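User: I would like to go through the labels attached to this model and see what each of them rests on. Please set each value against its cut-off.

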Amino acid sequence: MSELLNEISKIGIVPVVVLEDADKAVGVAKALQKGGINCAEVTFRTAAAEESIKNIAHACPDMLLGAGTVLSIEQVDRAAAAGAKFIVTPGYNPSVVDYCVSKEIPVVPGCMGTNAIEMALEAGLDTVKFFPAEAAGGLKMMKALAGPYTNLKFIPTGGINKDNLCDYLAFKKIIACGGSWMVKGDLVNNDRFDEIERITAETVDKMLNFRVVHIGINNDDEEEANAQVRKLNELFGFKSDVKSASTFASDAIEVCRKRFPGLHGHIAIGTGNVERAVYYLEKKGVEFDFSTAKYKGERLTSVYLTDCIGGFAIHLVEK
């Protein structure tokens, strides 16, 4: 995956923006940024698209800005000149894709079936747009397509919203989802940038889905830990689940047989994608101790924050 697509994967959501008035472009972009998403795909469906991209690129130069619904080489040139950093096409147009590849412009072509996918792979691409996602079979179809194409990754768009977003992102072959629910036309047309910001922040919270998974209690040795487990089991009827370095007295209480990070222990916070959670938390100034990181293949699955809270280390885990 290219560096740009890796960044999109960490963001997880690509807002699809249709702008009829280029004067509203910066307000929309800044609302998305304030809500937590530093990315947008401005579609070339309107006459205002090129100027909108130019306005956003000037006012928000750090935004990961793309051009969508690109149908021709001429539109690629206009979008890139305006400041678009990547191109998205609704279908697989060989001339557009080949041109983008030759110019080293990141491109995500729309691919619904095996023929288009194989053309994308032949062109050296490993990530495609799946559109219209819900109408074309949704998750079931993408999982079927991922079977023979093991290195293929998807950015589905079409019919995705905050209610089914997490279902899609739970499939590890999906690096991000595109959608317009954060930037609906009536909100843009009526300058409801505050509402766009609110919906965006709400969507990010739902995607990250932070929740307490368990609390870990530190002990000096196995004897002390076993005594605590027995007490918890006697009091509450819990059933022990013995692990290599700890025993779970219940799903939510881990009694450690030695001292792990944290004065008293740790609090495990679950999230669907640890790498994505780290990305968003680092934007807020949170620091991580990557010497504690664990991986499944190349995927980050757990890591401790540097700072403790109330004597407890905070541990992000993939759940």
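The exchange below takes up labels such as buried, exposed and salt bridge, one by one.

Analyst: Note at the outset that this is a predicted model. The protein has 12 helices and 16 strands, and its C-alpha atoms fill a box of roughly 75 × 45 × 30 Å along the principal axes. Of its 319 residues, 49% are buried.

User: Why is the pair aspartate 163 and lysine 206 called a salt bridge?

Analyst: The closest N and O atoms of aspartate 163 and lysine 206 are 3.4 Å apart. The rule asks for a side-chain nitrogen of Lys or Arg within 4 Å of a carboxyl oxygen of Asp or Glu, so the pair qualifies.

User: What makes this a link between distant parts of the chain?

Analyst: Aspartate 163 sits in the loop between β7 (153–156) and α8 (165–169), while lysine 206 belongs to helix α10, and the two are 43 residues apart.

User: How do you know whether aspartate 163 and lysine 206 are buried, partly exposed or exposed?

Analyst: Aspartate 163 has 53% relative accessibility; exposed means over 50%, so aspartate 163 counts as exposed. Lysine 206 has a relative accessible area of 35%. Partly exposed covers the values between under 20% and over 50%, therefore lysine 206 is partly exposed.

User: Which salt bridges does arginine 198 form with glutamate 195 and glutamate 202, and at what N to O distances?

Analyst: With glutamate 195 the N to O distance is 2.7 Å, and with glutamate 202 the distance is 3.4 Å. The cut-off is within 4 Å, so both pairs count. In each case the partners lie in helix α10: glutamate 195 is 3 residues from arginine 198, about one turn of the helix, and glutamate 202 is 4 residues from arginine 198, also about one turn.

User: Why is glutamate 195 called buried?

Analyst: Glutamate 195 has 19% relative accessibility. Buried means under 20%, so the label applies to glutamate 195. Its two companions get another label: arginine 198 is at 41% and glutamate 202 at 34%, therefore each counts as partly exposed.

User: What makes up the network of salt bridges that includes arginine 198?

Analyst: The linked residues are Arg192, Asp194, Glu195, Arg198 and Glu202. By the same rule the count for the protein comes to 13 salt bridges.

User: Which value makes phi of glutamate 104 noteworthy, and where is the residue?

Analyst: Phi of glutamate 104 is near 55 degrees, a positive value in a residue other than glycine. Glutamate 104 lies in the loop between α5 (94–102) and β5 (107–108). Its relative accessible area is 71%, and exposed means over 50%, so glutamate 104 is exposed.

User: What is phi of aspartate 191, and is that residue exposed or partly exposed?

Analyst: Aspartate 191 also has phi near 55 degrees, positive and not in a glycine. Its place is the loop between α9 (185–189) and α10 (193–208). At 41% relative accessibility, aspartate 191 does not reach the over 50% that exposed requires, so the label is partly exposed.

User: Which omega value tells you whether the peptide bond from phenylalanine 131 to proline 132 is cis or trans?

Analyst: Omega is near -5 degrees, and the bond is cis. Proline 132 is in the loop between β6 (127–130) and α7 (138–146).

Technical notes: Residues are numbered from 1 along each chain as its sequence is written. This is a predicted model: local features need pLDDT of at least 70, side-chain atom pairs count only at pLDDT 80 or more; totals for chains, interfaces and linings use all residues. Side-chain values use heavy atoms; hydrogens and water are left out. Buried means under 20% relative accessible area, exposed over 50%, partly exposed in between (1.4 Å probe, protein chains only).
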